Amino acid sequence: MKQYLSENTFSSPDFPVAVTRLRQRPSMPPHTHDFIELVIVAEGHSIHQFFTGENQAAYGLLQGDCFVVLPGEIHTYKESENFVIYNVSFKENVFCNLLPELKQLPLWKNFFESAPSQDRQKRHLLPYEKVIAENFLKKIMQEFSCREPGFEFRIKLALLEVLCIIDRANVVPWQPYASGPYSGILKTINYMEKIKSQPFKLKYLAKMANMSVSSYTKKFRDMTGDSPCEYFIGIKLENIRLDLLQTDLSVSELAEKYGFCDTSYMIRHFRRRLGISPLRYRNATKSK
């Protein structure tokens, strides 16, 4: 079994932090490591498998899920589809004197203290929360690339921001892979991602998942922390955010492209989730 070691992961033993964005293969062999690994699912879905002694458990992972693998724990991914993750690897000593304050966060107790991996909580970032967390993770990778004076301090600040975002994210239960509700809801999420410019039809999605509307809505919120409609709007807004950076389409053209009948309605949702209007987001991001 492969073991990932600190000496091959961190560029300096005095600053044990590394952030990578990886597109996973459909499956990979079980492995372990001697450092903490915080995982944020950026795209797609997969099955996460934990091994404890002779026991194993498999759980579904969706875009926005966050969890931790502690040193010595054995895990792997299988049946991955378009599965992209951020691996945030670090050791506690990188925070030194900040540990007493960090350990007051609910996240620290739930993620980083030694509970069995299958009993540890999972957090789920809503689409706009994931965007904010990703921006800090990209900043960390940029700081590592440039290595200008003070880069280690700036990386610590950005990593603390990521931990604070995840700390306030929704706590959601691990969903066993064999669970019927999980596979049905996963099917509808895949459908939402493909029809992002079309109208939202709750009854159709519930039927696709083989559930009643009320059961589908409840289980969807239990799994993602959001209602199906809010989640679908989040998918649309994330695509609008990307198009603001990658195209010259106007705000009204983007609203029409992604099925918003009212441009001002789209702008309100965008501002509520990202804290800034679409036009100001485009101008501020491109100016950087």
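**Group meeting: one predicted chain, from Asp226 outwards**

Let me start with one residue: Asp226 counts as buried, at 4% relative accessibility. Bear in mind that this is a predicted model. Asp226 sits in the loop between H8 and helix H9, the latter covering 228-246. What does Asp226 touch, leaving aside residues up to four places away in sequence? The list is Leu126, Phe220, Arg221, Tyr231 and Arg273. So we have a loop residue that is buried because its relative accessible area, 4%, falls under 20%.

Now the chain as a whole. The secondary structure comes to 12 helices and nine strands. The radius of gyration is 20 Å, and the globule rule gives 19 Å for 288 residues, so the chain is as compact as a globular protein of that length. Along the principal axes, the C-alpha atoms fill a box of roughly 55 × 50 × 35 Å. Of the 288 residues, 50% are buried. Take the contacts with a separation of 6 or more: 75% of them are between residues 24 or more positions apart.

On the surface, the accessible area of the protein chain is about 14300 Å², and carbon and sulfur atoms contribute 52% of that. As for charge, there are 38 positive and 31 negative side chains. The centres of those two sets lie 6 Å apart.

Next, the cysteines. How many disulfides does the structure hold? Zero. For Cys66, the closest cysteine sulfur is in Cys164, and at 13 Å that is too far for a bond. The cut-off for a disulfide is 2.5 Å between the sulfur atoms, so a separation of 13 Å rules this pair out. Cys164 is likewise in no disulfide, its nearest cysteine sulfur being that of Cys66. Are these two buried or exposed? Cys66 is buried, with a relative accessible area of 0%. Cys164 is partly exposed, at 39%.

Then two backbone points, both asparagines. Most residues other than glycine have a negative phi. Asn82 has a positive one, near 50°. Where is Asn82? In strand E7, which runs over residues 74-90. Its relative accessibility is 43%, so Asn82 counts as partly exposed. The other is Asn210, with phi near 60°, again a positive value in a residue other than glycine. Asn210 lies in a loop, between helix H7 (202-208) and helix H8 (213-224). With a relative accessible area of 73%, Asn210 is exposed. To put the pair together: one positive phi falls within a strand, and the other falls in a loop between two helices.

Last residue, Tyr265. It is found in helix H11, residues 263-274. Tyr265 is partly exposed, with a relative accessible area of 35%. Which residues does Tyr265 touch, again not counting those up to four places away in sequence? Ile233 and Phe260. I also looked at Tyr265 against Ile165: they are 100 residues apart in sequence, and 26 Å apart in space from C-alpha to C-alpha.

To go back to the beginning: Asp226 is a buried residue in the loop between H8 and H9, and its contacts include Arg221 and Arg273. That is what I have for today.

Terms used: Residues numbered from 1 in each chain as written. Predicted model: local features only at pLDDT ≥ 70, side-chain atom pairs only at ≥ 80, totals over all residues. Heavy atoms only, no water. Helix = DSSP H or I, 4+ residues; strand = E, 2+ residues; numbered from the N terminus. Buried < 20%, exposed > 50% of the residue type's maximum accessible area, 1.4 Å probe, protein only. Contact = heavy atoms within 4.5 Å. Rg over C-alpha atoms; globule rule 2.2 N^0.38 Å. Areas by Shrake-Rupley, 256 points an atom, 1.4 Å probe, with all protein chains shown as cover. Lys, Arg positive; Asp, Glu negative; His and termini not counted. Charge placed at Lys NZ, Arg CZ, Asp CG, Glu CD.
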